[in-house]
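Let's walk through this protein together, starting with its charged side chains and then stepping back to the overall fold. Have the model open and follow along.

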Amino acid sequence: MLVLVKTDNHVDGGAELTADVESVVIDSLSRFKDRITRIEVKFFDDNSREKAGTDDIRCVMEARLAGLDPMIVSHEAANIPQATDGAVDKLKKMLHRTLGKLGHRKGRTSFGGDQVI
């Protein structure tokens, strides 16, 4: 699973930010690592540096899965760690829901207890 981190002109990016974000993403989404080929993480400062305000950092995550359309989530928070955690949680739920539906089409147990083939 490849993790790419990008920032806009108003967010200070660097090796430390990239390492921190990669660590959080890989740890949180490790159970889906066989299906995910690439994750792009982008940070935006919606209010820029001149304006102060809450929830002005937006984290957008795009997960590319083998054989499926890309999945995109976004989360706004006061700082980069909170935005990252919120976006990872949303992406984890979306992946669980989407891949769970794909995995239950065959080979599941019916409500009556019979094996569905």
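A salt bridge here is a side-chain nitrogen of Lys or Arg within 4 Å of a carboxyl oxygen of Asp or Glu. Glu-62 and Arg-64 fit that description, their side chains meeting at 2.7 Å, N to O. Before going further, please keep in mind that this is a predicted model, in which local features need pLDDT of at least 70 and side-chain atom pairs count only at pLDDT 80 or more, while totals for chains, interfaces and linings use all residues. Residues are numbered from 1 along each chain as its sequence is written, and side-chain values use heavy atoms, with hydrogens and water left out.

How do the two partners sit relative to solvent? Burial is judged by relative accessible area: under 20% is buried, over 50% is exposed, and anything in between is partly exposed (1.4 Å probe, protein chains only). Glu-62 is buried at 12%, whereas Arg-64 is partly exposed at 30%.

A search of the whole structure finds 3 salt bridges. Arg-38 and Glu-40 join their side chains in one of them, at 3.2 Å from N to O. Glu-40 also forms a salt bridge with Lys-42, where the closest N and O atoms are 3.6 Å apart. Arg-38, Glu-40 and Lys-42 are thus linked in a network. Within this network, Glu-40 is buried, with a relative accessible area of 11%. Arg-38 is partly exposed at 27%, and Lys-42 is partly exposed at 26%.

Now for the fold itself. Helices (H or I, at least four residues) and strands (E, at least two) are DSSP runs, numbered from the N terminus. The protein has 2 helices and 4 strands, following the pattern β-α-β-β-β-α along the sequence.

Let's look at one strand pair; two strands pair if DSSP finds at least two bridges between them. Strand 3 (residues 57–65) and strand 4 (residues 71–77) are antiparallel, pairing over 7 bridges. Cys-59 stands opposite His-75 in strand 4. The two strands, 3 and 4, form a hairpin with 5 residues between them, and Gly-67 in the turn has a positive phi of about 80°.

Finally, the whole chain. Of the 117 residues of the protein, 31% count as buried. Counting contacts (heavy atoms within 4.5 Å) between residues at least 6 apart in sequence, 50% join residues at least 24 apart. The protein exposes about 7,400 Å², with carbon and sulfur atoms supplying 49% of that area; accessible areas come from the Shrake-Rupley method with a 1.4 Å probe, and for residues only the protein chains shown count as cover.
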